[in-house]
Amino acid sequence: MKYRSVFDIIGPVMIGPSSSHTAGAARIGRAARKLFNRQPKKAEIYLYGSFAKTYQGHGTDVAIVGGILDFDPHDRRIVDSLKIAEEAGIEITIIPLEENQHHPNTATIKLMDDEGEIELTGSSIGGGKIEITNINGFDISLSGNSPALIVFHEDRFGMIASVARILADNRINIGKMEMSRKSRGHDALMIIETDQKVSDQIMDQISNLPHVHHVFVIFP
Amino acid sequence: MRFQSIKELVDLAEKENKPISEIMIEDEMAQSERTRDDVMEEMSRNLEVMEQAIHRGLNEEVKSHSGLTGGDARKLREYIRQHDFLSGETLLYAVSQAMATNEVNAAMGTICATPTAGSAGVVPGCLFAVSAKRNASREEMIRFLFTAGAVGYVIANNSFIAGATGGCQAEIGSATAMAAAAIVEMAGGTPRQSGEAVAISLKNLLGLVCDPVAGLVEVPCVKRNALGASTAMVSADMALAGIESVVPVDEVIEAMYRVGNMMPNALKETALGGLAATPTGQALKEKIFGKSPDA
């Protein structure tokens, strides 16, 4: 079931004109921002399929940039996001591509500054709902049906147990868990979909664990 | 949720002797582990957004950035006031309010997606027209949205609700079916009649393509919302009269899915076919965006 709640259908409250191309796009942009965890200096936005063909008409570029600025899909500032980004000194590049992705409304967002860069690919599947399919080269499948905790860490023993213990101590149930790593002993990624909300305090506890690089939550 | 098809939804409502809205409210509470007050409150906020959008579309000078849409809802409202119109007053109110919502959407105003932004006019348009006619309470108006949501939930999970995946049948088609079912419930019809209204309305919109001029959610979207609302109203009246669909509702939804999969990409919100590809559509695109690199 891709849609789990009546509010996936009646909702979201959003700035027009398109739930896929505006609200969903803003959510993909915001997921990238959450991953980057700070305002970027530069953003490269690659658009595929219907996003590439109609982004100007739907304001997809405006919406993604709004998300990158950490705005909600219903935040009125989205309308002026290109101007706000320019004033904030963020260099934005929009790159529509001919090649097709699995879903027609797909975007890859690269955010960067002097300290680092991230890359996130997401699809807008309709009615404002999104799926995240790749983070920093890790292929993943995040449905957005539940809050998802994403932990970047060093690939070593005991990492899953330490994160799971913090969640258990805070009475948070895990619905789905996925691990991914680039090679043994190097960077790894843990994706944990939870039934309950993960508070900032719990995030801090996980961030403070040894060998954890970065923690963030999407679809809170 | 305890239901995955319209049949299961209707059977459940009949078995428990409850309206579809109540089944949806209870299942949402169970699914999200939230209280009744909490889910009713969230839907009430969505209702307020819809009300404000309609009010804005009917009372302010709303014009989209492209200049293609805006002001037609007010034109129709004036016509209802001053002329001896041919169809029905409630129907034309539904139509004008659907247009008002989508004109606000096109102008990057605030709306509530139902199920999408491009189709956001149909459900509220019908809701406020039928509520005025039936003197509905605020709670009945909120229930209207849960009934519409239950139908949309089934369609979204068994077929599609996005123009980019299934064409306009998935957007205006779904919105119209959702509204038709909810109108039936508000008018005192049975859950089974709501299901028939879904089948009757959706059948009429099967095959509708998504072909927005210049890729904008404006032409023909605003007018398709208008006529989606009228289809919902008439389908609800037909179902309330006891008319049934020969093809069962869940098979109609399945047919919509198969038609959507057969539809070429040019007719799925890429602005490459249909009205977007007409000489006027092309000329407007050029006027708004200049020469496109892939034209």
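Select Glu178(A) and Ile191(A) to begin, for Glu178(A) stands opposite Ile191(A), a residue in strand 10 of chain A. Everything on this tour belongs to a predicted model, in which local features need pLDDT of at least 70, side-chain atom pairs count only at pLDDT 80 or more, and totals for chains, interfaces and linings use all residues. Residues are numbered from 1 along each chain as its sequence is written, while chains are lettered from A and ligands numbered from 1 in the order in which they are written.

Now widen the selection to strand 9 (residues 174-181) and strand 10 (residues 187-194) of chain A; strands here are DSSP runs of E with at least two residues, and helices are runs of H or I with at least four, numbered from the N terminus. Strands 9 and 10 of chain A pair in the antiparallel sense over seven bridges, where pairing requires that DSSP finds at least two bridges between two strands. They form a hairpin with five residues between them, and in the turn you can pick out Gly185(A), which has a positive phi of about 80°.

Next add strand 8 (residues 148-154) of chain A, which pairs with strand 10 of chain A, again antiparallel and over seven bridges. Here Phe152(A) stands opposite Leu189(A) of strand 10. Six of the eight residues in strand 10 of chain A are buried, meaning that 20 or more other C-beta atoms, placed from the backbone, lie within 10 Å of a residue's own (12 or fewer would make it exposed, and values in between partly exposed).

Move on to the place where the chains meet, and select Val13(A) with Cys112(B), its bridge partner in strand 1 of chain B. Strand 1 (residues 13-15) of chain A runs antiparallel to strand 1 of chain B, and three bridges join them. Over the whole meeting place, 47 residues of chain B are in contact with 36 residues of chain A, contact being C-beta atoms, placed from the backbone, within 7 Å. Helix 7 of chain B gives the most to chain B's side, with nine residues.

Finally, select Ala179(B), which, leaving aside its neighbours within four places in sequence, is in contact with residues including Val122(B), Cys126(B) and Ala232(B). Ala179(B) is among the residues with the most contacts inside the largest nonpolar core, which has 161 residues; such a core is a set of buried Ala, Val, Leu, Ile, Met, Phe, Trp, Tyr and Cys residues joined through C-beta atoms within 7 Å. Helix 9 (residues 168-186) of chain B gives the most to this core, with 13 residues.

Methods: Contact = placed C-beta atoms within 7 Å.
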